[in-house]
Amino acid sequence: MDSYKNVIEAPIITEKSANISADGTKLVLKVAKNANKVQIRQAVEKIFNVKVTNVNTINVRPKSKRVGRYEGKTKAYKKAIITLAEGSKLDLS
């Protein structure tokens with residue numbers, strides 16, 4: 001990755017991610033597919049100025065969708081659940 005800003009794509013805002021990040025110590029982000037855990041940790045620490053203790057990544061597979069007679073798939077992406085250090089808090093809402 002050539003830049004920290006290319007690693008993090010967007011926050012994931014769903015009901016499940018809101019429950020995970022309710023206390024402010026966890027963060028759910030959509031990240032680049034080719035980013036590894038070390039690059040994700042460095043990008044979050046650099047951009048948000050917080051200390052990261054743990055990074056869990058999930059490769060989300062595409063789901064089949066259908067609208068009328070047309071079939072297709074949603075996009076595949078990589079999701080990262082970041083645990084912040086004690087005393088660090090971040091609120092994206």
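Helices and strands here are DSSP runs, at least four residues for a helix and at least two for a strand, numbered from the N terminus. Keep in mind that this is a predicted model.

**View 1. Asn 49 sits in a loop between a helix and a strand.** On one side of this loop is α2 (37-48), and on the other is β3 (52-60). Take a look at the backbone here: Asn 49 has a positive phi of about 55 degrees, even though it is not a glycine. Is Asn 49 buried or exposed? Its relative accessible area is 68%, and exposed means over 50%, so Asn 49 counts as exposed.

**View 2. Ser 17 is tucked into helix α1 as a buried residue.** The helix covers residues 15-20. With a relative accessible area of just 6%, Ser 17 falls under the 20% limit and so is buried. What does its side chain reach at 2.8 Å? That would be the backbone oxygen of Ile 12. A polar atom of the Ser 17 side chain also lies 2.9 Å from the backbone nitrogen of Thr 14. Leaving aside residues up to four places away in sequence, Ser 17 touches Ile 12 and Val 28.

**View 3. Strand β6 has β2 and β3 as antiparallel partners.** β6 spans residues 77-84, and six of its eight residues are buried, so the rest of the structure largely encloses this strand. How many bridges join β2 (residues 26-31) to β6? There are six, and in one spot Lys 26 stands opposite Thr 83. With β3, the pairing runs over eight bridges. Here you can pick out Asn 56, whose bridge partner in β6 is Ile 81. As you follow a strand along, remember that in a regular strand the side chains alternate between the two faces of the sheet.

**View 4. Strands β4 and β5 form a hairpin.** β4 takes in residues 64-67 and β5 residues 70-73, and the two pair in the antiparallel sense over four bridges. Across the pair, Arg 66 stands opposite Glu 71 in β5. Two residues lie between the strands, and in this hairpin Gly 68 takes a positive phi near 65 degrees.

**View 5. Lys 30 places its charged end over the ring of Tyr 77.** How far is that charged end from the centre of the ring? The distance is 4.9 Å. And what about rings meeting rings? Searching the whole structure turns up zero aromatic pairs.

Key: Residues numbered from 1 in each chain as written. Predicted model: local features only at pLDDT ≥ 70, side-chain atom pairs only at ≥ 80, totals over all residues. Heavy atoms only, no water. Phe/Tyr/Trp six-rings, centres within 6.5 Å; stacked < 30°, edge-to-face > 60°. Lys NZ or Arg CZ within 6 Å of the ring centre and 35° of its normal. Pairing = 2+ DSSP bridges. Buried < 20%, exposed > 50% of the residue type's maximum accessible area, 1.4 Å probe, protein only. Polar contact = N/O pair within 3.5 Å; in protein donor to acceptor, adjacent residues only side chain to side chain. Contact = heavy atoms within 4.5 Å.
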